[in-house]
Amino acid sequence: MTYFVTRTLSSKLWKDWSIVRPMMHFPRHTLSTKAMPQETTTNVSGNIKEIDPLSHPDYFHVHDMFTVKDLFNARVHFGHKEGSLNDLMKPFIFGSRLGHLIIDLDKTAELLRDALNFTAHIAYRGGIILFIAKNPQISYIVEKTAKECNEYAHTRKWKLGTFTNSTAEFGTTTRLPDLCIFLTTMESVIQQHVAVAHAAKMAIPTVGIVDTNCNPNLITYPVPGNDDTPCTIEFYCKLFKEAIMRGKKRRNESLEINETET
């Protein structure tokens, strides 16, 4: 079964998203938990006041979610054969071994944390997140993950008007997702998933796992890594699920603080 919903991007959420991305690139020394400001403060009247998540260097603590060793153990570094390399992926290549490309996990870790941080912010703002993957081997994992974090998944054949002509496709005014997460951006070894281009046309932010044969240009937050092995996909799903749940947990805490203040 495929879980899916569409809706238009809210102007407030889009405004917040445009702010989130530039502030994600901060010096590594600022990631120390000792240097981080507290998530809440107390004002003069004694009431609890929450710090703005967009001004916090790592509000959802995504840097604690994994290490480079975890990426290695999950086989994220395994790429395709040398002959299938997309030139746009060259900056993310560490080298090759026995004819297979090896992805630089240091760069993967940095970009994956940016993607997880953005995903958590979308969940915090109440946005709808859509997981997309077409590989039959990972369909169950993706759909199970989306269901567990109360979001949506599309793992079947993509209809061309799903995003670009949604009103005619569904027979009513629809709301597009606020974020699309591509666990694989390819429909085959050489063909990119059509939803990548359609999401870009509709200005929907995207997170995408890009292997060595992929084109990362249309992905808002590309994450270089293996997109074929089921255990690797399960690792990605675990991380994105955790980021979404942290965002929703923070959202509920913020609502409780606001209710207390009023």
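1. Start with the aromatic cluster. Tyr59, Phe60 and Tyr124 are linked into a cluster by ring pairs. Keep in mind throughout that this is a predicted model. The count of aromatic pairs comes to six. One of them joins Phe60 and Tyr124. Their ring centres are 5.8 Å apart and the planes meet at 65 degrees, which makes the pair edge-to-face. Phe60 sits in the loop between β2 (48-50) and α2 (68-73), whereas Tyr124 belongs to helix α3 (residues 105-124), so this pair ties together parts that are 64 residues apart in sequence.

2. Are the two rings of that pair buried or exposed? Phe60 counts as buried, at 1% relative accessibility. Tyr124 counts as buried too, at 9%. Both values fall under the 20% cut-off for burial.

3. Helix α3 also supplies Phe118, which pairs with Tyr221 of strand β10 (residues 221-224). What geometry does the pair of Phe118 and Tyr221 have? The planes lie at 20 degrees and the centres 4.8 Å apart, so the pair is stacked. The cut-off for stacking is under 30 degrees. This pair ties together parts that are 103 residues apart in sequence. Phe118 is buried, with 0% relative accessibility. Tyr221 is buried as well, at 4%.

4. Two arginines deserve a look next to these rings. Arg250 lies over the face of Tyr59, 5.0 Å from the ring centre. Tyr59 is also one of the rings in the cluster with Phe60 and Tyr124. The second case is Arg113, whose charged end sits over the ring of Phe66 at 4.6 Å from the centre.

5. Next, Thr184. Its place is the loop between β8 (179-182) and α7 (194-201). Thr184 counts as buried, with 6% relative accessibility. What does its side chain make a polar contact with? The partner is the side chain of Asp227, at 3.2 Å. Leaving out residues up to four places away in sequence, Thr184 touches Ile132, Ala133, Lys134, Ile138, Ile209 and Asp227. Asp227 therefore appears both as a polar partner and in the list of contacts, by the 4.5 Å cut-off for contact.

6. Ser139 is in helix α4 (residues 139-148). Ser139 is buried, with a relative accessible area of 10%. A polar atom of its side chain lies 3.1 Å from the backbone oxygen of Asn135. Beyond its neighbours within four places in sequence, Ser139 is in contact with Thr155 and Arg156.

7. Helix α4 as a whole has several buried residues. They are Ser139, Ile141, Val142, Glu143, Thr145 and Ala146. Note that Glu143 is on that list. Which elements help cover them? Among them are β6 (129-132), β7 (152-154) and α8 (230-261). Asn150 follows α4 and has a positive phi, near 60 degrees.

8. Helix α7 can be read in the same way. Its buried residues are Ala195, Val196, His198 and Ala199. The cover over them includes β6, α5 (161-164), β8 and β9 (206-210). Strand β6 also helps cover the buried residues of α4. Just after α7 comes Ala203, with a positive phi of about 60 degrees.

9. On cysteines: how many disulfides does a search of the whole structure find? The search finds zero. A disulfide is a covalent bond between the sulfur atoms of two cysteines. Cys214 is buried, with a relative accessible area of 0%. Cys231 is partly exposed, at 34%.

10. Last, the overall numbers. The chain has eight helices and 10 strands. It holds 262 residues, of which 48% count as buried. Take contacts between residues at least 6 apart in sequence: 69% of these join residues at least 24 apart. The pairs in points 1 and 3 illustrate such reach, with parts 64 residues apart for Phe60 and Tyr124, and 103 residues apart for Phe118 and Tyr221. The chain exposes about 13100 Å², and carbon and sulfur atoms supply 54% of that area.

Methods: Residues are numbered from 1 along each chain as its sequence is written. This is a predicted model: local features need pLDDT of at least 70, side-chain atom pairs count only at pLDDT 80 or more; totals for chains, interfaces and linings use all residues. Side-chain values use heavy atoms; hydrogens and water are left out. Rings of Phe, Tyr and Trp (its six-membered ring) pair if their centres lie within 6.5 Å; planes under 30 degrees apart count as stacked, over 60 as edge-to-face and the rest as tilted. Helices (H or I, at least four residues) and strands (E, at least two) are DSSP runs, numbered from the N terminus. Buried means under 20% relative accessible area, exposed over 50%, partly exposed in between (1.4 Å probe, protein chains only). A charge sits over a ring if NZ of Lys or CZ of Arg is within 6 Å of the ring centre and within 35 degrees of the ring normal. A polar contact is a pair of N or O atoms within 3.5 Å; within protein, one must be able to donate a hydrogen and the other to accept it, and residues adjacent in sequence count only if both atoms are side-chain atoms. A disulfide is a pair of cysteine sulfur atoms within 2.5 Å. Accessible areas come from the Shrake-Rupley method with a 1.4 Å probe; for residues, only the protein chains shown count as cover.
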